[in-house]
Each structure stands twice: as structure tokens, then as C-alpha cells.
Amino acid sequence: MPFRFVHTADIHLDSPLKSLALRDVEIAEIVGNATRQALERTIDLCLEEDVDALLIAGDLFDGDQRSVKTAIFLSTQMRRLTKEGIRVFIIRGNHDAESGIARHLSLPDGVHVFTGHGGVVEIDDRDVAIHGVSFARPELPESLLPKYRQPLPDCNNIGLLHTSLAGAEGHDVYAPCSLADLTAQGFDYWALGHVHKRQIYAETPCTVVMPGMPQGRDIGESGPKSVTLVTIADDGSISLDERMTGVAQFERLSLDLTGQDEWSDVLRAIERALEEGRGDAVSDHLIARIDVIGQTHLASRLRRDADVLLGEARQAAAAVGRTSVEKLSVDVRPPVVTVPTTGHDPLTELRTLMTTDVLTSNGHRAAARAAIEELQRQLPPELRSAFGDSDTELDRTIARLIRQGGEDVLARFDAGERPT
């Protein structure tokens, strides 16, 4: 008889909203309850598909949460499964290791949480062995693979592991290992967690899957979110089926306004972009960040009145339906013009001076870099990579901010205002 299970990770149940943009009441209400709804959808899927087990590969919780309501909600959802004979296997990830809930939660029979020492659970009537090792502490720079037991003979061996593998963009190094290390372990399926984007790393000689998270929480976790339904057939072959669970889908929409020189044209372009984004989204609600780029004679007005444009965009989103605009960034420039030899326009002369002499000077860039590095030192560790994880990325960020800042100053002058 086939063995079927749902593989998920990084639920971050009841994760607090950290993005300032999510202080918008409507968006905060949608996102604030989305992790619970995604878990409920995962449980619904398990019941509808009548699977044998649910595997959660770490970060069920988020940091130092201690909410009794979160604990009660989780216990209720787990009982929905166990009363139908569906078993649950959980490992703790780096965020769970910080959580007061994870250490003291009372879960029903049928839910197995692996310890930091590791272990294996045999499901005798199905010839399946499930291995797992939990994080015992939040930071774990060494591999956990030495703690896993050897695969049991005559069984389909499944390993749960919370790991950053050889490293992933935007993720610190946790329980590192290579794909070759996993393959050499001899398991049939590796149920991974930690990286929030879904990835199938290998299908032979063993299947290695990072399911991603079932619900994104901000624009840094954009795209459709899902869990993975896995079937191990009687002959040992493994099939994967991605199932969508996200309630709210974050997406960046890039809008090039080159050639759009009327405010009404800009608004129509925004509405079209939102309609297309809503059409492409698979989740119930689309939360968009609009990046306005390009060259337009409206550049100064768009920069000056970015708040007005955001309000217009949010009205357009409401008209589209099931769509919200989380933020709108304006990075537009006026069209390039040839400066006449006589009768120079003062604003054009100032732009030329700024772009050719001031903004490109080594001294200006050095001052900007020093300011950003000082800001990085004052930020919490998880936010310091916002400007880039390498010198090259930091230099690109500095160049972009210098250019945008210069255009913002010029926009104020162009509008007859004094920059503040």
C-alpha cells in the first residue's frame, strides 16, 4: 500500500508583523491571520487526501512567542488529524528553539516531536522509518547529519532536516550540509525546511525537497506559497504534487512609464498592472508593491506627489478586487535632453552639475557609504543585509540611493519648492 504524506515547513505560526508597510489596517488584518489559515488549509488537505502523516520540518513557531492562544489553536488543529488516525512528525528549527511555546506545548498522542539527540520512528505496517533531529539552540553552525542513524533495512527511510544547505540568499547558515552529504546518507526522501522558497534539489538516487513556506508574510517572501503532497508507491517510486495554501500573495509589479507623460495615462497603466497581477496570482488576495520606473516628463511631479499616486493606486486596487497596494516606490527620471550652448535652463544646468560632478565624486560616495555602514551597525542583525550582503551589492545600493536622492532634490526645485 502506498505511503502518502504532506511535507511542509516554516509556518511561523502567528508571526508578528514586522514590516512598517503592513501597518495599513486592511493589509494587516489579512496578513495577521494568514499563517493560521494556511495551517488550517494544510490540515484540510491532509484530511481530504486521507494521507498517512503530516511532516513539519521546523520553524512551526516564530522566535520567542509565548501566546497561550497560539498553543491552543495548534493543539486543536493537531487533534483534527490524530482523531482520524493521521500521524504528525515535527522537528524544531532555529526559531522553534527560541520559542517558549515549543518547549512547553502539550500535544495529543499521535504527534511526535523529535529531540535534539535525534531518533527514528518505525511505522511497521507500512515499512516506513521516519528520522529527525531538532535544533537544541537557535544558532547551529555545524551539520546535524552525524546525529542521524543509518537507514533501516527493508524500509522507505524519510529524514526531516532543518538546514540552509550550502547557503541560501537571505538566510543565515544553519546546520549546513551539501546535497552530496544528503544523498550519501542513504535515505529515500529528505523533508527539508528553513529556506522559504520551494525547491526540488534532487529526485534520484533520493528525493530532496525544500517545500517553501505555506504563507508569505511580507514582500521578501513573494510569490505563491504551498505544501508538497508526497506519495511513496509500493515499488518505492516517489511522486510529488505541489498544493497551494497561501491566503495572501505578495508580488512586486514593475511599471515602466517611459513615454507616459499624462497623469491619467499613469493611472491607467497602474490599473492595468494590478489587473494583470490579480489575474496571475493564485492566492485569495494579492498584496502588491509597485515599482514605478522609466523616463517621463512627469518625473518631478511623480516624485513630489508619490503619496497622491499611492492613494490613487490603492483606489485602483480596491476596484480590481481582492487586491491591495502595500507600497509604491518612484524611481523615474526626466527624458535625456541635449543642453543648448546658450540660454541654459538653470534646472538643467543643476542636474548636469549634480550628475556629472557631485554625485559621481569619490568623496560623495565615501560619505554615503560611511553613513550607510553606521546605520547598519545600529540595525538589528536580521535587517543589516537590506543594503546588500557583499561590497558589490552595497556599492550598487549606494549608487541607486545617490541617484534617487538627487532626483528627489531636483523634483523639489522643479516644483518650486525648497528642499528640506
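**Stop 1: the six-stranded sheet**

Start by colouring the open sheet of six strands, ordered 4-3-2-1-11-12, with mixed pairing. Strands here are DSSP runs of E with at least two residues, helices are runs of H or I with at least four residues, and both are numbered from the N terminus. Two strands count as paired if DSSP finds at least two bridges between them. Look at the edges next: strand 4 (111-113) and strand 12 (238-244) each have a single partner strand, so one side of each has no neighbour in the sheet. On average, and ignoring direction, neighbouring strands of this sheet are turned by 20° against each other. Angles in this tour are taken between N-to-C directions and run from 0 to 180 degrees, using axes that are lines fitted to C-alpha atoms, for helices over the stretch in contact.

Before you go on, a word about what is on your screen. This is a predicted model, where local features need pLDDT of at least 70 and side-chain atom pairs count only at pLDDT 80 or more, while totals for chains, interfaces and linings use all residues. Residues are numbered from 1 along each chain as its sequence is written, and side-chain values use heavy atoms, with hydrogens and water left out.

Now select strand 1 (residues 3-8) and strand 11 (residues 226-232), which pair in the antiparallel sense over five bridges. Pick V6 and you'll find its bridge partner in strand 11, L229. Then bring up helix 2 (residues 34-49), which packs on this sheet and touches strand 1, strand 2 (53-57), strand 11 and strand 12. Contact means heavy atoms within 4.5 Å. The direction of helix 2 makes about 170° with that of strand 1.

**Stop 2: two helices side by side**

Keep helix 2 and add helix 3 (residues 68-82). The axes of helix 2 and helix 3 are 9 Å apart and cross at an angle of about 10°. That makes the two helices roughly parallel, a label for angles under 35 degrees. To see where they meet, show the side chains: from helix 2, R36, L39 and I43 are among the residues involved, and from helix 3, the list includes T70, F73 and L74.

Zoom in on T70. Is T70 buried or exposed? With 2% relative accessibility, T70 counts as buried; the cut-offs are under 20% relative accessible area for buried, over 50% for exposed and partly exposed in between, with a 1.4 Å probe and protein chains only. Its side chain makes a polar contact of 2.6 Å with the side chain of D14. A polar contact is a pair of N or O atoms within 3.5 Å; within protein, one must be able to donate a hydrogen and the other to accept it, and residues adjacent in sequence count only if both atoms are side-chain atoms.

Follow that contact to D14, in the loop between strand 1 and helix 1. D14 counts as buried too, at 19% relative accessibility. Which other side chain does D14 join through a polar contact? It is R36, at 2.9 Å.

**Stop 3: a glycine in a loop**

Next, select G93, in the loop between strand 3 (87-91) and helix 4 (100-104). G93 is buried, with a relative accessible area of 0%. Beyond its neighbours within four places in sequence, G93 is in contact with G58, D59, F135 and H162. Try a C-alpha to C-alpha distance to Y174: the two residues are 81 apart in sequence and 9.2 Å apart in space.

**Stop 4: the three-stranded sheet**

Move on to the open sheet of three strands, in the order 13-14-15, with parallel pairing. Its edge strands are strand 13 (248-256) and strand 15 (323-333), each pairing on one side only. From one strand to the next, the twist averages 15°.

Strand 13 and strand 14 (residues 285-295) pair over nine bridges, and L253 has I290 in strand 14 as its bridge partner. Strand 14 and strand 15 are joined by 10 bridges, with Q295 opposite R333. Eight of the 11 residues of strand 15 are buried.

Finish with two helices. Helix 1 (residues 25-32) lies across strand 13, strand 14 and strand 15, at about 120° to strand 15. Helix 8 (residues 306-320) lies across strand 14 and strand 15, running at about 140° to strand 15.

**Stop 5: zoom out**

Show the whole chain: its secondary structure comes to 11 helices and 15 strands, and 47% of its 420 residues count as buried.

Conventions. Angles under 35 degrees count as roughly parallel, over 145 as roughly antiparallel, 65 to 115 as roughly perpendicular and the rest as oblique.
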